[in-house]
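Me: I have just opened this structure and would like a friendly tour. Could you take my questions one by one?

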Amino acid sequence: MGRPRLAALGALFATILCAGETSADTEPVPAQAPHTITVGIPHTVGPHSAGTSNVPCQGGRFPSGGGVLTTSNGVFLTATWPSGIGWDGDVYNETDTPQTFTPVAICTLQRHTTRFGTSVNVPPGQTATVRATCDPGQVATGGGPNAGARGTGSDSGQAYISQSSDIGQQWVGRVTNHGPRFMILQTYVRCADTPHTAYASGPTRLAQGATGTAHVECGPGEVPTGGGGLGNPAVDFNESFPTTTGWTVRATNHGSVPLDLFARVTCTRP
């Protein structure tokens, strides 16, 4: 991985709380109050298998958004979505060795609601999109699609995410099913009635078969509440996660021509 990703991770891990590893001397460290980046415990996913994990928010907080960190360009996201008081992440490992992945939640005391779209079946080899919409007067703070594993083994959870991003009051989730059986896609959005602003990165051009990273920053004085990215349906996400001041997404071009990748972040003033 390149130096920009290492720098982003260094900034992130300087301000996180590893769930399940707290002590009397360790408290959640807010990026800027009232939002806290909470990183879960790394989980192992076996070769050519699917895996799922969750990170809970703490101290009465709930997620405004979240993402997933991974350790390999051969690991692909199949779900990143709000679940109860935490954030879920699902992946599929295409490599021949075990890999790790870690869910990340942005947690807040601010009041949010969760809305979801109309789920669809995704046949093998097909691409599908689901939109989730906030109530009138609310804006999207974060969200994500869930097309994750409905079982275990080499034929589970191969619907890879190629879009997880806001559009005003909506969150859009898109996947392409690389596996041999039908998957189900649902998209979730977290909503609030406080002002938020969305930002997009410039394009990162990915050559055929290449993996690359896009990053976008919040405005001055703002903190991220959620984020993701988008590209062509052949640009599949390897990871998508917050930094203390923005959002990073890494993806692989499975298409036959060069394609662009964009990161998006939703931000607010603390």
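Here are some questions and answers about this predicted model.

Me: How many strands are there in the chain?
Reply: Happy to start there. The chain holds one helix. Alongside that helix, the number of strands is 23.

Me: What share of the residues in the chain is buried?
Reply: A residue counts as buried when its relative accessible area is under 20%. The chain has 270 residues. Of these, the buried share is 55%.

Me: Over which residues is the pLDDT below 50?
Reply: Across the chain the mean pLDDT is 88, and 85% of the residues reach 70 or more. One stretch falls below 50, although it has 57 contacts in the model beyond near neighbours in sequence. Where pLDDT is low, predicted coordinates should not be read in detail. The stretch you asked about is residues 1-32.

Me: Are the rings of Trp-81 and Tyr-188 stacked or edge-to-face, and why?
Reply: Three aromatic pairs turn up in a search of the whole structure. In this one, the ring centres of Trp-81 and Tyr-188 are 4.8 Å apart and the planes meet at 25°. Planes under 30 degrees apart count as stacked. The angle of 25° therefore makes this pair stacked.

Me: How many residues apart in sequence are the parts that Trp-81 and Tyr-188 tie together?
Reply: Trp-81 belongs to strand E7, residues 75-83, while Tyr-188 belongs to strand E16, residues 183-192. Because the two sit in these strands, their pair links parts whose separation in residues is 107.

Me: Which residue forms a tilted aromatic pair with Tyr-188?
Reply: In this pair the centres are 6.0 Å apart, with 55° between the planes. The partner lies in strand E10 (residues 113-116), so the pair connects parts 72 residues apart in sequence. This partner also shares one aromatic cluster with Trp-81 and Tyr-188. The residue is Phe-116.

Me: Is Phe-116 buried or exposed?
Reply: For comparison, Tyr-188 has a relative accessible area of 17% and is buried. Phe-116 has a relative accessible area of 56%. Exposed means over 50%, so Phe-116 is exposed.

Me: Which side chain does a polar contact of 2.7 Å join to that of Thr-248?
Reply: Thr-248 is found in strand E22, residues 246-253. With a relative accessible area of 3%, Thr-248 is buried. Its side chain makes the 2.7 Å polar contact with the side chain of His-215.

Definitions and conventions:
Residues numbered from 1 in each chain as written. Predicted model: local features only at pLDDT ≥ 70, side-chain atom pairs only at ≥ 80, totals over all residues. Heavy atoms only, no water. Helix = DSSP H or I, 4+ residues; strand = E, 2+ residues; numbered from the N terminus. Buried < 20%, exposed > 50% of the residue type's maximum accessible area, 1.4 Å probe, protein only. pLDDT = per-residue confidence, 0-100. Contact = heavy atoms within 4.5 Å. Phe/Tyr/Trp six-rings, centres within 6.5 Å; stacked < 30°, edge-to-face > 60°. Polar contact = N/O pair within 3.5 Å; in protein donor to acceptor, adjacent residues only side chain to side chain.
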